[in-house]
Amino acid sequence: MKNFLIILVVLGVIAGIIIGPRINNVPKLDESLKSATAALDSQYKRRSDLIPNLVATVQGYASHEKDVLTQVTEARAKVGQITLTPEVLNNPQAFKAFQEAQDGLSSALSRLMAVSERYPDLKANQNFLNLQAQLEGTENRIAVARADYIKAVERYNLELRTIPGKWVAAIFYPDAHVKQNFTATPAETAVPKVSFGK
């Protein structure tokens, strides 16, 4: 009996040494993921806020390009209906809808920028140049925020899927689940076509 107690104490000490320092990793990584999610959502909101100004500026020069302007406005409306909440993160279908809405807006903005290439006066307009620079800066910020989000999801998911984090999560945080991550769409992975011809 005495040997059994000694073995239990030794096992308890070993478990404490292994698990003790990692006992708070799941909530820490969860908070880090929430922070990365909020930063990404903030950048998407910034882009969404800039679009009406960009569309209005382009409309003044390209009033007959209504299809492209309508597509941008509709894509922005779709994006405005879905925000990156914890519920969306835990629901693969909702996360896919969020990602598709953002991808649709990116695609519509690309078409809008292509329209701007056809209007030399628009390209020279200071308001357009300022908005275009802000939008490009926002796209870069989105790329950085997305990379940070992807890393935060990776760290969180690794903690939940590796030992001893998996054991700690099972015992102390049973409601913790692996989070969704972004995936590239076929359009994003297609090889771009570059042509210098007319």
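## Worked exercises on a predicted helical model

Thr-37 touches Leu-84, Leu-89 and Tyr-149, leaving aside residues up to four places away in sequence. Keep in mind as you work that this is a predicted model.

### Exercise 1: Thr-37 and its surroundings

Find where Thr-37 sits, decide whether Thr-37 is buried or exposed, and work out how far Thr-37 is from Leu-89 in sequence and in space.

*Solution.*
Step 1. Start with the position: Thr-37 belongs to helix 2.
Step 2. Next comes accessibility. The relative accessible area of Thr-37 is 5%, and the cut-off for buried is under 20%, so Thr-37 is buried.
Step 3. Now take one of the contacts, Leu-89. Thr-37 and Leu-89 stand 52 residues apart in sequence, while their C-alpha atoms are 9.1 Å apart.

### Exercise 2: The nonpolar cores

Identify the residues with the most contacts inside the largest nonpolar core, and say which helix gives the most to this core.

*Solution.*
Step 1. The largest nonpolar core has 23 residues, and those with the most contacts inside it are Val-26, Leu-40, Leu-84, Phe-95, Tyr-149, Tyr-156 and Phe-182.
Step 2. Now look at the helices. At least two residues of this core come from each of helix 2 (25-61), helix 4 (86-89), helix 5 (92-117), helix 7 (126-161) and helix 8 (165-172). Helix 7 gives the most, with 7 residues.
Step 3. Zoom in on Phe-182. Not counting residues up to four places away in sequence, Phe-182 touches Leu-40, Tyr-44, Phe-95, Phe-98, Gln-99, Arg-146 and Tyr-149.
Step 4. Finally, there is a second, separate core of 19 residues, with Ala-101, Leu-109, Val-115 and Leu-135 among them.

### Exercise 3: Aromatic pairs

Search the whole structure for aromatic pairs and classify the geometry of each.

*Solution.*
Step 1. The search finds 2 aromatic pairs.
Step 2. Take Tyr-44 and Phe-98. Their ring centres are 5.5 Å apart and their planes meet at 70°, so the pair is edge-to-face.
Step 3. Place this pair on the chain: Tyr-44 lies in helix 2 and Phe-98 in helix 5, 54 residues apart, so the pair links distant parts of the chain.
Step 4. Check both partners for burial. Tyr-44 has a relative accessible area of 3% and is buried; Phe-98, at 1% relative accessibility, is buried too.
Step 5. Turn to Phe-172 and Tyr-173. This pair is tilted, with 6.5 Å centre to centre and 55° between the planes. Phe-172 is partly exposed, at 44% relative accessibility.

### Exercise 4: Helix 8 and the loop before it

Locate the cis peptide bond that ends at Pro-164, then sort residues of helix 8 into buried and exposed.

*Solution.*
Step 1. The peptide bond from Ile-163 to Pro-164 is cis, its omega being near 10°. For background, most peptide bonds are trans.
Step 2. Pro-164 is in the loop between helix 7 and helix 8.
Step 3. In helix 8, the residues Gly-165, Val-168 and Ala-169 are buried. They lie on the same side of helix 8 because they cover an arc of only 95° around the axis.
Step 4. On the face turned away from the buried side of helix 8, you will find the exposed residues Ala-170 and Ile-171.

### Exercise 5: Salt bridges

Count the salt bridges in the structure, then describe the ones formed by Lys-34 with Glu-31, Lys-45 with Asp-49, and Arg-47 with Glu-139.

*Solution.*
Step 1. The structure holds 7 salt bridges.
Step 2. Lys-34 and Glu-31 form one of them, with their closest N and O atoms 3.5 Å apart. Both residues lie in helix 2, 3 residues apart, about one turn of the helix. Lys-34 is partly exposed at 40% relative accessibility, and Glu-31 is partly exposed at 48%.
Step 3. Lys-45 and Asp-49 meet in a salt bridge of 3.0 Å, N to O. They are 4 residues apart in helix 2, so about one helical turn separates them.
Step 4. In the salt bridge between Arg-47 and Glu-139, the closest N and O atoms are 3.0 Å apart. This pair links distant parts of the chain: Arg-47 is in helix 2 and Glu-139 in helix 7, 92 residues apart.
Step 5. Compare the accessibility of these two partners. Arg-47 is buried, with a relative accessible area of 1%, whereas Glu-139 is partly exposed at 28% relative accessibility.
Step 6. To finish, look for shared partners: salt bridges join Asp-30, Glu-31 and Lys-34 into one network.

Conventions. Residues numbered from 1 in each chain as written. Predicted model: local features only at pLDDT ≥ 70, side-chain atom pairs only at ≥ 80, totals over all residues. Heavy atoms only, no water. Core = buried A, V, L, I, M, F, W, Y, C linked by side-chain atoms within 4.5 Å. Buried < 20%, exposed > 50% of the residue type's maximum accessible area, 1.4 Å probe, protein only. Contact = heavy atoms within 4.5 Å. Arc of directions from axis to C-beta. Phe/Tyr/Trp six-rings, centres within 6.5 Å; stacked < 30°, edge-to-face > 60°. Salt bridge = Lys/Arg side-chain N within 4 Å of Asp/Glu carboxyl O.
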